[in-house]
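Here's a quick briefing to read with the model open beside you. Take it one topic at a time and find each piece as you go.

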Amino acid sequence: MAACLIGLVFVSASGFAQREKCVVDPPELHWVVDRPGEDMAPVTVGVYRNPGAGSGAIRFRMTNLVSENGHVLPPDCIEIYSGYTDHWQSFASRSDHLVLLASGQTSNEISVRLSPSVWGPAGIYRGYLESANGGAAIQLTVEIPRRARLVVEPSKISITAGLGPGTYRTNEKISITVDANHPNWTVSQSTDGLKYVGDPKPGAAAAKLWIEPEQLYVRLEGDAKFVQNLTRPVMLQGEGYTGKTFTVWIECSLGWEHLAGNYEGAIDIILAQK
Amino acid sequence: MGALFRSVLLAGLLLAVTAAPAAGRELSRAAATVRIVIPAAQQLTIVEPVELSSAYPWDKLDRGLPLVVSDVGLMEIQSNADWILTAEALQSEGFRVYARIHNSKADWQPVNALSFWTGPMGSYEFSWDLKIEPAGNPEPGGRTIHLVFTLSHI
């Protein structure tokens with residue numbers, strides 16, 4: 001019985017050893033993609049046939065690259081120049097195989113690069129360039145850092161309060177776009193109020209020459225309940241991994257105490273990472 | 001004991017500072033400039049008409065005294081700019097009509113095309129004191145003189 005077990009172990013071990021027909025150097029590749037469309041320099045990888053491992057072609061395939069959050073970069077995000085064709089090749093699917101060590105060759109130097117289109121939700125993506133018939137694998141790691149970009153348009157908005165005291169809305173909507181690859185961000189809107197522009201008449205010294213933050217509101221398009229006073233910063237939250245565009249109006253509540261004239265101020269919009 | 005108290009106080013303050021919620025790291029900042037144009041706006045509300053009913057000749061006229069009535073009518077002025085108020089007296093033929101804002105220390109002003117009252121922006125509520133004198137030989141009898149106002153901004 002013991003002899004049978006030993007034999008089984010021996011057969012298994014020798015079988016495993018037979019599958020390792022080649023080695024790769026380096027066995028791990030790591031990229032950090034700082035921005036979409038970034039050109040990454042190719043990396044040279046050697047594929048070496050183990051002595052006595054036969055002479056057949058060694059084929060490799062790509063797995064998906066999967067992040068800790070379960071996001072996936074498809075196999076075609078990796079491109080390979082094997083030297084056996086005159087162009088860069090990629091893996092159209094997980095079942096696609098490329099010959100990286102031709103039949104009869106003992107070694108080959110390949111170039112591996114990331115497709116410039118690689119971008120996605122922030123995370124560390126891991127996968128393998130693996131050879132079932134060569135018994136070797138290159139561990140691939142693609143790190144996509146968190147990125148968030150703020151675009152606010154237009155930079156100038158106006159309110160015409162033509163009907164006396166009341167609540168008025170800006171003539172223009174403000175578009176706040178956060179181009180982000182993660183949901184961990186906030187956008188705050190705040191103001192110090194709007195100040196009377198110019199010199200009021202001497203008799204207007206007692207007039208209110210300031211529109212206070214508590215008289216200003218942010219109204220969010222598409223959410224009738226979202227009307228928030230600017231006494232405190234008005235916060236908008238990130239959702240999902242593809243960024244978001246918010247469309248808001250600024251509203252102003254005016255009374256008789258506001259001297260006729262022009263008032264100007266800024267709504268500060270700050271993108272912060274949570 | 002004092003040193004112990006100070007130590008505890010210091011530790012408490014440090015704890016309070018370090019326990020304060022940290023603001024997120026600022027990544028980017030933008031601003032939208034808001035300009036609000038507020039044109040001059042005014043509202044004149046006659047709560048009670050400014051009118052005076054009287055019979056001519058009135059008592060004490062024989063002593064040369066005018067007819068004076070205090071606290072007539074009630075009006076509201078709301079203006080976000082300095083204002084000017086003009087008045088016209090209707091059905092006042094044969095009389096000179098004078099007016100002043102009730103409880104003011106202003107002089108009587110004749111109510112005619114040249115008279116006006118001014119004020120700074122704001123909300124006001126007031127009534128009027130009226131004074132009537134005969135001009136020439138008015139018809140005897142009863143009459144009601146109405147004051148009509150026009151509000152504008154300076």
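B:L85 has B:W117 as its bridge partner in strand β8 of chain B. That pairing belongs to a predicted model, where local features need pLDDT of at least 70 and side-chain atom pairs count only at pLDDT 80 or more, while totals for chains, interfaces and linings use all residues. To find your way around, note that residues are numbered from 1 along each chain as its sequence is written, and that chains are lettered from A and ligands numbered from 1 in the order in which they are written.

**The sheet around that pair**
- Strand β5 (residues 83-90) of chain B runs antiparallel to β8(B), and three bridges join them. Strands here are DSSP runs of E with at least two residues, helices are runs of H or I with at least four, and both are numbered from the N terminus.
- Two strands count as paired if DSSP finds at least two bridges between them.
- Both strands sit in an open, antiparallel sheet of four, ordered β3-β10-β5-β8 in chain B.
- At its edges you'll find β3 (51-56) and β8 (117-119) of chain B, each pairing on one side only.
- On average, neighbouring strands of this sheet are turned by 25° against each other, direction ignored. For such angles, axes are lines fitted to C-alpha atoms (for helices, over the stretch in contact), and angles run from 0 to 180 degrees between N-to-C directions.

**The other sheet, and chain B overall**
- Another open antiparallel sheet in chain B has five strands, in the order β2-β4-β9-β6-β7.
- Its edge strands are β2 (42-48) and β7 (109-110) of chain B, each with a partner on one side only.
- Inside it, β4 (residues 67-79) and β9 (residues 122-134) of chain B pair over nine antiparallel bridges, and B:S79 stands opposite B:G122 in β9(B).
- Chain B comes to one helix and 10 strands, with the helix leading the pattern along the sequence: α-β-β-β-β-β-β-β-β-β-β.
- Of its 154 residues, 19% count as buried. Buried means 20 or more other C-beta atoms lie within 10 Å of the residue's own, exposed means 12 or fewer, and partly exposed is in between, with C-beta atoms placed from the backbone.

**Where the chains meet**
- 44 residues of chain A are in contact with 28 residues of chain B, contact meaning that their C-beta atoms, placed from the backbone, lie within 7 Å.
- β24(A) gives the most to chain A's side, with 13 residues.
- Strand β24(A) also runs antiparallel to β1 (residues 25-38) of chain B, joined by 13 bridges; one such pair is A:N262 and B:V37 in β1(B).

**Nonpolar cores**
- Which residues touch the most other members of the largest nonpolar core? Of its 56 residues, they are A:I176, A:C252, B:V34, B:I36, B:V97, B:A99 and B:V111. A nonpolar core is a set of buried Ala, Val, Leu, Ile, Met, Phe, Trp, Tyr and Cys residues joined through C-beta atoms within 7 Å.
- β23(A) gives the most to this core, with five residues.
- A second, separate core has 27 residues, including A:V24 and A:F60.

**Domains of chain A**
- Domain 1 covers 21-144 and domain 2 covers 148-273 in the domain assignment of chain A, with bounds that come from an automatic or database assignment.
- The C-alpha centres of these two domains of chain A lie 51 Å apart.

Key:
Contact = placed C-beta atoms within 7 Å.
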